[in-house]
Amino acid sequence: MQYNRYITCCYLTVLLCAAAANSVADDSSESESNSKWYCDSTDLCLPEGELPPKGGNTRAQQQFESQRDCRLSCGKYGSIWPMPTGDCSLSHDRVHFDPWKVRFNVVAPNPVTTQFLRETNRLFVSNLLKECTRNCTLTASKEVLVKATVNESSLNLDWNTDESYMMVVRTTDTASFVDIKAPTVYGARHAFETLSNLVTGSLANGLLLVSAARIHDSPAYPHRGLLLDTARNFVPLRYIRSTLDAMAASKLNVLHWHVVDTHSFPLEITRVPEMQRFGAYSKAQTYSRTDAVNLVKYARLRGIRIIVEIDGPSHAGNGWQWGPSSGLGNMSVCLNRSPWRSFCVQPPCGQLNPLNDHMYAVLKEILEDVAELGAPEETIHMGGDEVYVPCWNHTEEITTEMMSRGYDLSEASFLRIWSQFHQRNVEAWDDITRRMYPNLKDQKPVILWSSRLTDPQHIEQLLPKERFIIQTWVGAQDSLNRDLLQRGYRLLISTKDAWYLDHGFWGRTNYYNWRKVYDNILPIAHDQVRQVLGGEVCMWSEYVDQNSLDARIWPRAGAAAERLWSNPKSAASLAQRRFYRYRERLIARGIHPDAVIPHWCVLHEGQCL
């Protein structure tokens, strides 16, 4: 191989300047000490001063310059997060290198995948530079030659995408070689993320790389998500992008964007500009069509889908109030009614009118705008939770129309009307996607929250399993997941008493620490069909905005990321030291994760928990 054909990172100069301002600052107790570190037989990284007497349990003769250096290969998975699901072997030897000397060779089937991987290379180098402790420049560095080979030409990212990869690192007298092979660009992207976990800053100039490694890896679940609510409290775009960066570092691959709710409708709908005009908190607190398109692109380069949720029929108020003045009638009812407890589960109230044909026409225009934002294979989340039947039952135009159509006012009748709302919107979605993407083979299923409509005793009469994926938000001991799996439904899991990251800050809810998040085991389907697609941790924003967003989500969402990628059989206690190093990487990348333990305990492994 003629390595002069490797693509040189011409942008490194600019990135190095930025890295100098944001370089990782080692703890003073480590950076100012000449102490050597050792990996013991229990996979603890210990400084010389904490070693047991001779004949103890240290792995003799292997010295490391710092705790982070030791942590790269101490334990089977070193500091890789999330841990690989296949073979993983890591050398205790190191390569001292200069990121200027990293060269890339991309082997891909077409220009689109080639360009994707070149962008991946750029992001990888940017992350490498953030690991530099001091000056990245190292005069005597060998070259690090990275070859990435991808087989498939498609950029599709959905529940059927192969995100696996294989990576081999080897070192000779002249250079270090990294060979990445993956079916898709997304598997290759994950491989580069893992490769960044094999690197840390040197106490001198430059970086340290594990000199030899062999890793086979693939995710346990195809849907590894984070829900972000930006409707209750508006979140500026740069904070959403920062969230996507942290997701990429965690190999999470779905941002569930809860972008509209009763509180506000900040998303621009080009076909129905009234939605944003009447629904946004202010002109400054909006997402334009261009903003949304660029955000989808930003996410995709980081291996992340954005699934937009347009909630309904409940959680739909502000943004919908212009119907009467435009001759369209009441598209939403119970709007901002008080006392709110009589009309909804949370103020402000608002619930779509399921018997107003004009509402369906407007909603179809909204769905068409959303369909244009995503890739052809993308689906939509249609909400569907917390419908408050008394709102409809106390709205005369709805009850009168129901009775004129032969319904009584029983719960069963309201459930039927509610079901027809979703069925009608799925038909609209099908019509939209058929027109936009006539070559699609199958109609895409849509996602709904669990609700009264998904109760096992009547879901099969109301929601066909072929068209609806149910996102459950019940407690870990609730029987709903088991009951729906037995009936053949596909599920996304958002365990309310483990993965609701807003809990513990309001009412009688409890805070779930990272260990609780990590140990949340997903239900198992007992047939050969993959019914549990994965899950999502949820960041509802009643009590969070951009000023507290990072610390509320991170690093706890990373604990869920390992559950969804690796589905480990071991408990959080065996992952804690990798988790602490993962948190440090987030900090290096500009994220502001919450503290999870005193820093003394990080530095003195095995002496706290």
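**Salt bridges and pockets in a predicted model**

At 45% relative accessibility, Arg435 counts as partly exposed, because that class runs between the 20% limit for buried and the 50% limit for exposed. This is a predicted model. Arg435 pairs with Glu368 in a salt bridge, one of 34 salt bridges counted. The points below cover that pair, a second group around Glu584, and the two largest pockets.

**The Glu368–Arg435 pair**

- The side chains of Glu368 and Arg435 form a salt bridge, with N and O 3.2 Å apart.
- This pair ties together distant parts of the chain: Glu368 sits in helix 9 (residues 357-373), and Arg435 sits in helix 12 (residues 411-436).
- The two residues are 67 residues apart.
- Is Glu368 buried or exposed? Glu368 is buried, because its relative accessible area is 12%, and the cut-off for buried is under 20%.
- Its partner Arg435 is partly exposed, at 45%.

**The wider network**

- Glu368 and Arg435 belong to one network, joined by salt bridges that share partners.
- The other members are Arg271, Arg289, Lys364, Glu365, Asp369, Glu372 and Asp431.

**The salt bridges of Glu584**

- Glu584 meets Arg68 in a salt bridge, at 3.2 Å from N to O.
- That contact also spans distant parts of the chain: Glu584 is in helix 18 (residues 576-588), while Arg68 is in helix 3 (residues 67-71).
- Here the partners are 516 residues apart.
- Glu584 and Arg68 are both buried.
- Glu584 has a salt bridge to Arg581 as well, where the closest N and O atoms are 3.6 Å apart.
- Arg581 and Glu584 share helix 18 and lie 3 residues apart, about one turn of the helix.
- Arg581 is buried, as is Glu584.

**The largest pocket**

- Its volume is about 540 Å³.
- Which residues lie nearest the centre of the largest pocket? They are Asp158, Trp159, Asn160, Asp442 and Pro445, out of 21 lining residues.
- The lining of the largest pocket holds 10 charged, 6 nonpolar and 5 polar residues.

**The second largest pocket**

- The second largest pocket has a volume of about 460 Å³.
- The second largest pocket is lined by 21 residues, and those closest to its centre are Gln346, Glu386, Trp473, Trp506 and Glu542.
- By class, the lining of the second largest pocket has 9 nonpolar, 8 charged and 4 polar residues.

Notes. Residues numbered from 1 in each chain as written. Predicted model: local features only at pLDDT ≥ 70, side-chain atom pairs only at ≥ 80, totals over all residues. Heavy atoms only, no water. Salt bridge = Lys/Arg side-chain N within 4 Å of Asp/Glu carboxyl O. Helix = DSSP H or I, 4+ residues; strand = E, 2+ residues; numbered from the N terminus. Buried < 20%, exposed > 50% of the residue type's maximum accessible area, 1.4 Å probe, protein only. 1 Å grid on protein atoms, 1.4 Å probe; cavity = no way out; pocket = protein on both sides within 12 Å on 5 of 7 lines; lining within 4 Å. Points joined across faces, edges and corners; volume = space filled by probe spheres on them. Nonpolar A, V, L, I, M, F, W, Y, C, P; charged D, E, K, R; others polar.
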